Structures are given as structure tokens and as C-alpha cells.
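These are my notebook entries on one protein chain. I set down what I looked up, entry by entry.

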Amino acid sequence: MRHALTAALIAAVCSFGASEAVAASDQAAAARGADWLLSARIGEGGSAADTVVALRAARRLTPAEARRRAAALRSGAEAYATTAGATAKTILGLVAAGQGNPRCAGDIDLLNRLNGFASAGRYGRTAWDQGLAMIAVRSLGM
């Protein structure tokens, strides 16, 4: 029993140092990924929303970049936000951008559009739609 406890303690101490190295490696990878995203053209729809979220998570979304990317999300919302999942991703990208009201994309109230996909307690037709919609609604404080 004593040897097992000692081995577990040694493993815990060794893994603590390893987790710091992994965290530093993850941060470096996130920085390289953010650099690439910043150099790429602004995508459309889901990739644009994912990019804003990723840049925000990597702490690389400047106010000017957030405004530019939020404008692109809003301008493409009419064509892209045609399912519960796509509407939710648009909301999530706008929440991450932090520019203006994340419910608004031109004349579109994205929350109303998202609620239009709700039926019998579910959003959309897939688990993907449902999961993204629940996160989006929560991100709006609803």
C-alpha cells in the first residue's frame, strides 16, 4: 500500500510539471493559430463565426478586428442563418465580437429567428442545432 501511495504521489508531481509544459505548448499553438486566422481573409457564415470565437479565446481580438469581423457576420447573416445551428453560430460569433447587440444583424432579430426554429422544446432538427442554440440563448443571458 505504501509503495502504491508513493508511486501515485510521484506520478502526480511529475504530471504537474508536464501539465505546465503542455499548457505552454497549447498557448504557443493558439498564438500561431490566431496569427494564421488574422492573416486569412474574413470567411463567411460558420467559419467567420468560428474565427471570431477562436480569436477571442486566444485573446487576439482587438476592438478594430472585432468591429470588422462583426460587420462581416452581420452582412452575411441573411444568407447564412437559415437553420437553428447557423443562426446560433452567428449569435455566438457576435457575442464573442462584443460589438453592438448580438441579436441584431441588419433588420434581422437573430433571437426571434432562432426561436422560429423551436418546436416541441427543441431547436432545429439535429443535436447540433439544439446544442448550439442552447449555448447561443444562454450567451444572450436568456
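Entry 1, terms for the core. I take a nonpolar core to be a set of buried Ala, Val, Leu, Ile, Met, Phe, Trp, Tyr and Cys residues joined through side-chain atoms within 4.5 Å. Buried means under 20% relative accessible area, exposed means over 50%, and partly exposed lies in between, with a 1.4 Å probe and protein chains only.

Entry 2, the source. I note that this is a predicted model, in which local features need pLDDT of at least 70 and side-chain atom pairs count only at pLDDT 80 or more, while totals for chains, interfaces and linings use all residues. Residues are numbered from 1 along each chain as its sequence is written, and side-chain values use heavy atoms, with hydrogens and water left out.

Entry 3, the whole chain. I found 6 helices and 4 strands in the protein chain; helices (H or I, at least four residues) and strands (E, at least two) are DSSP runs, numbered from the N terminus. Along the sequence the pattern reads α-α-α-α-β-β-α-β-β-α. Of the 142 residues, 32% count as buried. The chain exposes about 8,600 Å², and carbon and sulfur atoms supply 60% of that area; the areas come from the Shrake-Rupley method with a 1.4 Å probe, and for residues only the protein chains shown count as cover. I then looked up contacts, a contact being heavy atoms within 4.5 Å. Among contacts with a separation of 6 or more, residues 24 or more positions apart account for 63%.

Entry 4, the core. The largest nonpolar core has 30 residues, and those with the most contacts inside it are Val 52, Leu 73, Ile 91, Leu 110, Leu 114, Tyr 123 and Ala 136. Helix H1 (2-39), helix H2 (45-57), helix H3 (63-80), H4, helix H5 (110-116) and helix H6 (127-139) each give two or more residues to this core. Which element gives the largest share of this core? H4 does, with 7 residues.

Entry 5, Thr 87 and Leu 110. I located Thr 87 in helix H4 (residues 84-97). Is Thr 87 buried or exposed? Thr 87 counts as buried because its relative accessible area is 0%. Beyond residues up to four places away in sequence, Thr 87 touches Ala 81, Thr 82, Leu 110, Arg 113, Leu 114 and Phe 117. I followed one of these partners: leaving aside neighbours within four places, Leu 110 is in contact with Ala 81, Thr 87, Thr 90, Ile 91, Leu 94, Pro 102, Arg 103 and Ala 105.

Entry 6, H2 against H4. Two packed helices are described by the angle between their axes and the distance between the axes. The axes of H2 and H4 come within 8 Å and cross at roughly 35°; axes are lines fitted to C-alpha atoms, for helices over the stretch in contact, and angles run from 0 to 180 degrees between N-to-C directions. H2 passes H4 in a left-handed crossing, a term used if the near helix is turned anticlockwise from the far one by less than a right angle, with clockwise being right-handed. From H2, Gly 46, Ala 49, Asp 50, Val 52, Val 53 and Arg 56 meet Lys 89, Thr 90, Leu 92, Gly 93, Val 95, Ala 96 and Ala 97 of H4.

Entry 7, H4 against H6. These axes, too, come within 8 Å and cross at roughly 35°, and H4 passes H6 in a left-handed crossing. The residues making this contact include Ala 88, Ile 91 and Leu 92 of H4 and Leu 132, Ile 135 and Ala 136 of H6.

Entry 8, other residues of H2. Thr 51 lies in helix H2 and counts as buried because its relative accessibility is 11%. Apart from neighbours within four places in sequence, Thr 51 is in contact with Leu 37 and Arg 69. Ala 57 also lies in H2, but Ala 57 counts as exposed, at 64% relative accessibility.

Entry 9, positive phi. Most residues other than glycine have a negative phi. Arg 59 is not a glycine, yet has a positive phi of about 60°. Arg 59 lies in the loop between H2 and H3 and is exposed, with a relative accessible area of 78%. Ala 120 has a positive phi of about 55°. I placed Ala 120 in the loop between strand S3 (118-119) and strand S4 (122-123), where Ala 120 is exposed at 81%.
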